Amino acid sequence: MSVKVFAGPSSWIESAAITQCHQVAALDGMIHVAGMPDLHPGKGAPIGAAMLSSVLYPFLVGSDIGCGIAVFPFRLKKVVPERLAKRFPDLDEPVPPPGDVPGGYGEGLGTVGRGNHFVELARVDEVFPPPRALPPAPPTAPPLPPAQTSPQTSLQTSPQTSLQTSAQTSLQASPSPSPSLSQTSPLASRSPLASPSASASASPALAAGDHVLIVHSGSRGFGERILRAHTEVHGAGPATDPAAYLEAHDSAVLWGSLNRRTLAERVGSALGADVGEPILDVCHNAVEIRDGLYLHRKGAAPGDGQDVLIAGTRGTRSYLVSAHAGPDAGFSVAHGAGRKMSRSDALKRGKAKHTVEELRRTPVGSLVVCGDRQLLFEEAPTAYKRIEQVIADLTVFSLATPRLTTVPVITYKTADKHMSPPASRTARRR
Ligand SMILES: Nc1nc2c(ncn2[C@@H]2O[C@H](COP(=O)(O)O)[C@@H](O)[C@H]2O)c(=O)[nH]1
Ligand SMILES: [Mn+2]
């Protein structure tokens, strides 16, 4: 029941998020809570955290089970952003599901979903020279770098804000997951997505100027249905039948991945692009079984020996990193910049600060396809923390090594009826 937050003295972490980490640490069976530098408060549980426990808690994964970020090589003959933005298909309209869709859940396949989800055409910007040798994941807790001690003082606004303390509540004996479950769960042995830590670090064959499609989406209504079935009976309590929850969870993880591929194919075919196999597809809301324990991740990417795209915002760079996090960090890294403002604050402040036109063309010159004005403000780049700070923290704490950056060209959030595709404009003229 320890809590450790990987944020340096210059990083701003809301005290409410630290409080949530300690509340989670006090749960029965909880062993360790690792907060990432993009840590921020969520609904009842922190976002940007990896939580290791002998007890399985579905609410710690949340409703968007299987949400993740995939990066696809996206080869286009000519990139004229204004023209391409108009050709994006309506990604709020689902496609017919295949017969063997995971979990038999057919609704909403091929849709991006609202909120933070997005499909982004991005350009590879800076490619960093390869590191000489990646440090292996430490077998035990590494000594703290100097930066780790300072935030303890800078964040001491409440008794619960110290960054590495033991939770006040003592660990109560709780049943460990049965060994047979750990061995037989699909999570223990199946696909790299279902077993996030299993995937190897691949060197992406990308060069500056190449284009990629970044797809951030989850399991839409499927994950929500799975969580609701649990919470309606047990609220924030543990899963009484972990195997049943895990079976549904694994289907949602696969569904999320299928959805990201479907989105990439839809956009590829509408834009006339050649879409390759994903360079990476990493799920940041899931539970992994590790040494017979449950490692819950909510807004945290598996980070022990694999590449991860850490999203910035639609108006800043994103970073592809090689992750090498150890047990202290819950074998995890950040998944994004993390929200700095609540949606309502972003809306209120944004309206005073930005025009809609400003938000449709970002400071890096990229275009935003978003027909929903409110979402434009809620998701403004200024609503997020600085991605450079997140990456600096991951680097200082030896959790990740930056490999390259991407810069947005077109970010699709939701259909914009003013930007109809050429085909429908032609149809209307007839
Ligand atoms: N490159 C972009 N990144 C974005 C955009 N909108 C949000 N974000 C980042 O994604 C993470 C994901 O958050 P999650 O908790 O919903 O999984 C978020 O922290 C932002 O940093 C965007 O349009 N483009
Ligand atoms: Mn997500």
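A polar contact is taken here as a pair of N or O atoms within 3.5 Å. In the predicted model, asparagine 116 meets this criterion with ligand 1, because a polar atom of its side chain lies 2.7 Å from an oxygen atom of the ligand. Histidine 216 likewise places a polar side-chain atom 3.1 Å from an oxygen atom of ligand 1. Arginine 314 contributes through its backbone, of which an N or O atom lies 3.3 Å from a nitrogen atom of ligand 1. On its own, ligand 1 has 520 Å² of accessible area, and the protein covers 94% of this.

Ligand 1 occupies the largest pocket. Its surroundings comprise 18 residues, of which Asn116, Glu120, Gly312, His335 and Ala337 come nearest. By residue class, the shell consists of ten polar, four charged and four nonpolar residues. Strands β5 (118-127) and β17 (400-414) each provide at least two of the shell residues.

Histidine 216, which contacts ligand 1 through its side chain, is also a donor to the manganese ion (ligand 2). The ion is coordinated by the SG atom of Cys67 and by the NE2 atoms of His216 and His284, at 2.2 to 2.4 Å. The spacing of these donor residues in sequence is C-x148-H-x67-H. The histidine pair links distant parts of the chain: histidine 216 belongs to strand β7 (residues 211-217), whereas histidine 284 lies in the loop between β9 (280-283) and β10 (285-290), 68 residues apart.

Terms used. Residues numbered from 1 in each chain as written. Chains lettered and ligands numbered in written order. Predicted model: local features only at pLDDT ≥ 70, side-chain atom pairs only at ≥ 80, totals over all residues. Heavy atoms only, no water. Near = heavy atom within 4 Å. Polar contact = N/O pair within 3.5 Å; in protein donor to acceptor, adjacent residues only side chain to side chain. Areas by Shrake-Rupley, 256 points an atom, 1.4 Å probe, with all protein chains shown as cover. 1 Å grid on protein atoms, 1.4 Å probe; cavity = no way out; pocket = protein on both sides within 12 Å on 5 of 7 lines; lining within 4 Å. Sits in = over half its atoms within 2 Å of the grid points. Helix = DSSP H or I, 4+ residues; strand = E, 2+ residues; numbered from the N terminus. Nonpolar A, V, L, I, M, F, W, Y, C, P; charged D, E, K, R; others polar. Donors = N, O, S within 2.8 Å, 3.2 Å for Na, K, Ca; no water.
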